[in-house]
Amino acid sequence: MSETEFFPEGTLIAVLTTQPLDRMLDYKAPEGGVLLGAFVEVPLGPRRVLGIVWGAGKGDYDINKIRPANRVLDVAPMGVDMRNFLQRAADYTLTPMNAMLRLATRAPGLSDPPSMRKIYRRGEGEPDRQTDARRRVLETLANYGNLAFTMGELSEMAGVTNSVVKGLVKQGVVREEAAPRDTPFPRLDPEYGGKELSADQEVGAEVLRVGVQSGKYGTTLLRGVTGSGKTEVYLEAVAECLRKGRQALVLLPEIALTAEFLTRVEARFGAKPAEWHSGVTMTERRRTWKMVGEGGAQMVIGARSALFLPYRDLGLIIVDEEHDTSYKQEDGVLYNARDMAVLRAALCEAQVVLASATPSLESWANAEAGKYTKLELTSRYGASVLPEMRAIDMRAEKLPASRWISPSLKAAVDARIAKGEQALLFINRRGYAPVTICRACGHQIGCDNCDARMVEHRFLKRLLCHQCGETKAMPEACPSCEVEGKLAPVGPGVERLAEEAQELWPDARQAVLSSDLFGSARALKESIRAIADGGADIIIGTQLVAKGHNFPLLTLVGVIDADLGLQGSDLRAAERTFQLMRQVAGRAGRSERAGLALLQTFQPEHPVIRAILTGDETGFWRTQADERRQAVVPPFGRMAGIILSGSDVTQVFDLGNALARNAGALQAIGAQVYGPAPAPIARVRGRHRVRLLVKADKSAPLQAALAQWVGQFRLKGDLRLAVDIDPQSF
Ligand code: ADP
Ligand code: ZN
């Protein structure tokens, strides 16, 4: 297929816009002509919208009615690999192209010409009349010192309309300035601060360097116990990539990890890389987006959406903690960043490094099958050794009601405190108590919008729904029987555990780490730094602490409820529990002091708990693989979830039944349909959710069949249908 790269003025172009239309639109190339892949502004009805030149126009309309594009935007055209990537990702996830383009253009002000870009900061004047809205604008500016914001940012953060800000500009209270030109990021120097690697690490680094040098696609699974130096090793691959003049992307599963990571990158390359995640200001986002496209950003660290930046020449993608479930986007476009990274790399001849101490079964199977190169670091770096792991059999421990820290665990914590070391008490539950029950009638307080219990958060002084975010005040009386003073918390959350720890160790310095206890990413970062510097004796935390942090004084990890993840029928539950337990245990003994992990469990002989304790990963993965192979589920079969939702439960089920009855397209490829059944969360935000699961052989053309199948139906009213390829739970 030959492609014209340049369209002279007046020739027909097909433009993909971000508007929800399922087709390209024809325009005439604007004055001066336009390149394939260029970003353009085009008229659509009375509006002007963002689009990208996707090819030659078809010209099947009256040529005289086709309008010219308004103008070409001042950003680099999107390269052919990125366009192919969007197309392939759309095909894989069954997402409309316009939604993919929206994902790839999430940078504010992209379509503004540079002269139109303005920023706003505090001016000299005072408002003639103080209103609530004006006060919020001034407070927002005061809170951020000298920072300047775009109009959109400022009005959104202050919760006011643009006209409030404009009014303040007129009075000189807020100053309007031309935005500075976007500038490239400081150069990173691959020779700046390299560490001397251990023999094992050097072998790994060399394999990765050779991969990067090849300038070809390849994926490596870098498996290494926590503290083995995976980061040091893959930073050498980044160095090689920088030497080659290509761009590198490092994906992290959690924003809270970026601060520590930035410091390491700066120590290694002499400057900080670009960042891309929800905590980055909009101005900085636009700069990053543009510089990634122009080559003014050599390295990006970011969240999964950083994959959709328009890299000029991407040579390496690192997916750190590749097993982490947060790589799966569960809202809007449903994709798994790990899988998309591999696809992205294959299309631009880049290398992928999947790093983890406890790889996903998917990656493990791909490595076993020879699709990925395997690299292993089996020991911790330097004098540090892996923590010893032991079970505390809770059946033998004497504990009063509503207490969760066993005498054995308490003794172990006492011993650490006495030595000036740190202990971590881990519980995978936010809030104070997962259930609030009425002791008069047995009623449990649930969310009005969802099929979920409300979780008490004492810190926030509210009940919170973890599904939809709905909150309400804790009632005095039971909402069901109206008896007062009988509502009681049941079960432990991190806040309740902290209360118990406070009673057991009144003199110890305690730090609670849970995402909702921090107002900002910055506060969380500071807290993590303070702990690392020895500012706490006992750390009480949720998942947040399990990921990647380095606390040198931490020598004991106590898992309050190791059985928590093992309930339920989800085939992935075992894998997740294994990963989480190994990961959290890995926080202990990261420096020269030996670490110990104690798991409180009621079923110490459970095969998953046994595997966690013995650390027999290979054995564990083999058993898991056998189970999944027999069930013909990922990674040994293909799966898709169809989530139907709507406000009327009968309509939603009717649609589900209609789909199940008309599944010829799926039968044709030998796929099976299960359901409709209530989705794992059957009601969210007042909408009923019903799920169908589709299972097919590994080689079956699942996407095409799915598209044909769901394409038979027109969705009426507020019914919605979402396809989830490779669902997280099955
Ligand atoms: P992982 O990513 O596998 O958990 P890290 O790369 O974070 O391991 O390494 C663990 C600790 O050991 C870090 O503090 C790191 O700086 C240190 N470390 C690892 N390798 C080396 C090395 N070759 N030289 C000096 N320090 C190292
Ligand atoms: Zn809810």
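**Ligand shell, strand pairing and overall dimensions**

Of the 15 residues that surround ligand 1, those that come nearest are Lys195, Gly229, Lys230, Thr231 and Tyr381. The model in which this shell is described is a predicted one. Sorted by class, the shell around ligand 1 comprises 9 polar and 4 charged residues, together with 2 nonpolar residues. Helix α7, which covers residues 230–243, supplies the largest share of the shell, contributing 3 residues.

An annotation from the record overlaps this part of the chain. In an unreviewed entry, UniProt lists residues 211–377 under "domain: Helicase ATP-binding". Over residues 211–377 the chain is 37% helix and 22% strand, and the C-alpha atoms at the two ends of this range lie 18 Å apart.

Towards lower residue numbers, strand β5 (residues 39–44) takes part in two pairings. With strand β6 (residues 47–56), β5 pairs in the antiparallel sense over 6 bridges, and within this pairing Glu41 has Leu50 of β6 as its bridge partner. The two strands β5 and β6 form a hairpin in which 2 residues lie between them, and Gly45, located in the turn, adopts a positive phi of about 60°. Strand β5 also pairs with strand β7 (residues 71–72), again in the antiparallel sense, over 2 bridges; here the bridge partner of Glu41 is Arg71 of β7. Glu41 is thus bridged to Leu50 in β6 and to Arg71 in β7.

A separate arrangement involves strands β20, β21 and β22, which form an open sheet of 3 strands in the order β20-β21-β22, with antiparallel pairing. The edge strands of this sheet are β20 (455–457) and β22 (471–472), each of which pairs on one side only. Strand β20 is joined to β21 (residues 462–464) by 3 bridges, the two strands running antiparallel, and His457 has Arg462 of β21 as its bridge partner. In general, the strands of a sheet pair through backbone hydrogen bonds, in either a parallel or an antiparallel manner.

At the level of the whole protein chain, 21 helices and 31 strands are assigned. The C-alpha trace spans about 85 × 70 × 65 Å along its principal axes. The radius of gyration of the protein chain is 28 Å, which agrees with the value near 27 Å expected for a compact globule of 730 residues. Of these 730 residues, 45% count as buried. Among contacts between residues at least 6 apart in sequence, 75% join residues that are at least 24 apart.

How values were computed: Residues are numbered from 1 along each chain as its sequence is written. Chains are lettered from A and ligands numbered from 1 in the order in which they are written. This is a predicted model: local features need pLDDT of at least 70, side-chain atom pairs count only at pLDDT 80 or more; totals for chains, interfaces and linings use all residues. UniProt positions are given in the numbering used here, feature names are shortened, and annotations may be inferred rather than shown by experiment. Helices (H or I, at least four residues) and strands (E, at least two) are DSSP runs, numbered from the N terminus. Two strands pair if DSSP finds at least two bridges between them. A residue is near a molecule or strand if its C-beta atom, placed from the backbone, lies within 6 Å of it. Ala, Val, Leu, Ile, Met, Phe, Trp, Tyr, Cys and Pro count as nonpolar, Asp, Glu, Lys and Arg as charged, and the others, Gly among them, as polar. The radius of gyration is taken over C-alpha atoms; the globule rule is 2.2 Å times the number of residues to the power 0.38. A residue is buried if 20 or more other C-beta atoms lie within 10 Å of its own, exposed if 12 or fewer, and partly exposed in between; C-beta atoms are placed from the backbone. Two residues are in contact if their C-beta atoms, placed from the backbone, lie within 7 Å.
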